[in-house]
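I opened this notebook to keep track of what I looked up, entry by entry. The cysteines come first, then the sheet, then the chain as a whole.

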Amino acid sequence: MGIQIQLVPIIMLWFCYSSCYCNLLEDPLSAFNHGEGPYDYFGKINKLGQMSTTIRFGRSTLSSLKFDHMASPKSSATVVNVNDFGAKGDGTDDTKAFEKAWTKACSSAPSVLVVPANKNYLLKPITFSGPCRSSITVLILGTIEAPSHPSAWDGLDQKHWLSFQNVQNLRVQGGGTINGNGEMWWKNSCKINKALPCKDAPTALTFYSCNNLIVNDLKIKDSQQIQVSFERCVNVLAFNLMVTAPETSPNTDGIHITKTQNIQIMNSVIRTGDDCISIESESHVVKVMNITCGPGHGISIGSLGDKKSEAHVSQVIVDGATLFGTTNGVRIKTWQGGSGSATNITFQNIAMHNVRSPIIIDQNYCDSKYTCPEKGSAVQVSDVVYKNITGTSASNEAMTFDCSQSSPCNGIVLQGINLVGDAGKITSRSCKNVRGSTIGKVVPPSCF
């Protein structure tokens, strides 16, 4: 069931396992300019999931991402193929086989769990739990599919489908597909059918309390609700992801980050029905680079402070993004009545194409069918830089700063902004309870 393979050094990136990914498999860490990174590139694994050459796990330290012991270069890797544990990949339930394969992989040192290509593995809600004996790589070459009907979750956790919990030094990759089959969930959403009560729906792929985590080269589609969520994780690198769902699918945030520190998301395409990327409370040191977003609701910090909660987000950089036809561009959204802070945030080098609200801070956010009354407190928004943001606005109002009277927005900087309407039409801005400064030319004209 598992074969031992001695690790020897290699210097080439592991093979292009799917032709559509060949142009994406460049060194993911070179763009950070932080020096040498943690490499664990694989040799060739054929479509049956059998190893046909050697593997090398390298070990080094990336200064901003402290990956430790991803694998030992002198150890051997156990390759665990889910088919060897009874998985069929023919549309029948393979959950038990995956559970058995995970138990074997998690108890080995180190290991590679292989999901072979050209098969569709049907999984009911499943949790891959740690701690594991050593580092582990999950190589998804084929397709993992969710049951199409919500009844598969009867008596189970309605909030999750595929979950990795408390697994350290984990890498998930392979060029395969994770398909949430969310259509029936969307039809039963209170946002689609107002007569229905609002209920929880599963997140397709959740990483909970996973430190030293790499997720790359995957296609995630049609989640029941949130597509990918990083929760309470530390030291995360995610790149070369294709995350898609219809524009009309409710609450299908592409990548959701909450209570997570030291995370970088890069070189990914997100097309969905909600925020392309959402960054929520207790997330710090977040870097987002080279993202294509749209359709969707843009790149958001928040919402923060709902139900009078305290929220803190800091040290966020969004550097390099292109947004197409989204309802928002770069947004900070907070509820009235909350407390805490959103500070030290930079949005730069961003291109907007027909985006309805390219730049927006909304401290009066209200995602409710009821009116949200004015309250005397708010999450403090401060030290936010908007730099080199250009393109077209689908609405006349290209910049909106709707800040709280009790906690005004402070330290807002606008530099090199050029947002016009279709055919170069003049746009406007709206400013309420905001203080800041302007550097260079800003279009529409700054209010401070």
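**Entry 1: the C-terminal disulfide**

I began at the end of the chain, where a disulfide joins Cys 431 to Cys 447, with 1.8 Å from S to S. I note at the outset that this is a predicted model, and I read the distance with that in mind. The torsion about the S-S bond is -85°, and the link of Cys 431 and Cys 447 is left-handed. I then placed the two partners: Cys 431 belongs to strand E28, while Cys 447 sits in the segment after strand E29 (434-443), and the pair links distant parts of the chain, 16 residues apart. I also looked up how much of each partner is accessible, and found Cys 431 partly exposed at 30% relative accessibility, with Cys 447 likewise counting as partly exposed at 27%.

**Entry 2: two further disulfides**

How many disulfides does the structure hold? I find five, and I followed two more of them in detail.

In one of these, Cys 106 and Cys 132 are bonded, with their sulfur atoms 2.1 Å apart. The link of Cys 106 and Cys 132 is left-handed, with -105° about the S-S bond. Because Cys 106 lies in helix H1 and Cys 132 in the loop between E6 and strand E7 (136-140), the pair ties together parts that are 26 residues apart in sequence. Cys 106 is buried, its relative accessible area being 10%, and Cys 132 counts as buried at 17% relative accessibility.

I turned next to Cys 276 and Cys 293, which form a disulfide with their sulfur atoms 2.1 Å apart. The torsion about the S-S bond of Cys 276 and Cys 293 is about 85°, so this disulfide is right-handed. The pair links distant parts of the chain, with Cys 276 in the loop between strand E17 (261-271) and strand E18 (277-279) and Cys 293 in strand E19 (residues 283-293), 17 residues apart. I recorded both Cys 276 and Cys 293 as buried.

**Entry 3: cysteines without a bond**

Why is Cys 210 not bonded to Cys 233? The sulfur of Cys 233 is the closest cysteine sulfur to that of Cys 210, but it lies 5.0 Å away, which is too far for a bond; the cut-off for a disulfide is a pair of sulfur atoms within 2.5 Å. Cys 210 counts as buried, at 0% relative accessibility. Seen from the other side, Cys 233 is in no disulfide, the nearest cysteine sulfur being that of Cys 210, and Cys 233 is also buried, with a relative accessible area of 0%.

**Entry 4: the sheet of eleven strands**

I traced an open sheet of eleven strands with parallel pairing, in the order E6-E9-E12-E14-E16-E18-E20-E22-E24-E26-E28. Strand E6 (126-129) and strand E28 (428-432) stand at the edges, each with a single partner strand, so one side of each is left without a neighbour in the sheet. From one strand to the next, the twist averages 15°. I come back here to Cys 431, since the strand that holds it, E28, is one of those edge strands.

At the other edge I looked at helix H1 (residues 95-106), which lies across E6 and strand E9 (160-165) and runs at about 5° to E6. Helix H1 is also the element that contains Cys 106.

For one pairing within the sheet I chose strand E22 (residues 328-335) and strand E24 (residues 357-365), which run parallel and are joined by six bridges. In this pairing, Asn 328 stands opposite Ser 357 in E24.

**Entry 5: a histidine in the sheet**

Is His 256, in strand E16 (residues 255-258), buried or exposed? His 256 counts as buried, at 8% relative accessibility, under the 20% cut-off. Leaving aside residues up to four places away in sequence, I list its contacts as Ile 226, Val 228, Ser 229, Phe 230, Ser 278 and Glu 280.

**Entry 6: the chain as a whole**

Last, I noted the totals. The protein has two helices and 29 strands, and 55% of its 448 residues count as buried. Among contacts with a separation of 6 or more, 76% are between residues 24 or more positions apart. The accessible surface comes to about 18,100 Å², of which 49% belongs to carbon and sulfur atoms.

Note on methods
Residues are numbered from 1 along each chain as its sequence is written. This is a predicted model: local features need pLDDT of at least 70, side-chain atom pairs count only at pLDDT 80 or more; totals for chains, interfaces and linings use all residues. Side-chain values use heavy atoms; hydrogens and water are left out. Helices (H or I, at least four residues) and strands (E, at least two) are DSSP runs, numbered from the N terminus. Buried means under 20% relative accessible area, exposed over 50%, partly exposed in between (1.4 Å probe, protein chains only). Contact means heavy atoms within 4.5 Å. Accessible areas come from the Shrake-Rupley method with a 1.4 Å probe; for residues, only the protein chains shown count as cover. Two strands pair if DSSP finds at least two bridges between them. Axes are lines fitted to C-alpha atoms, for helices over the stretch in contact, and angles run from 0 to 180 degrees between N-to-C directions.
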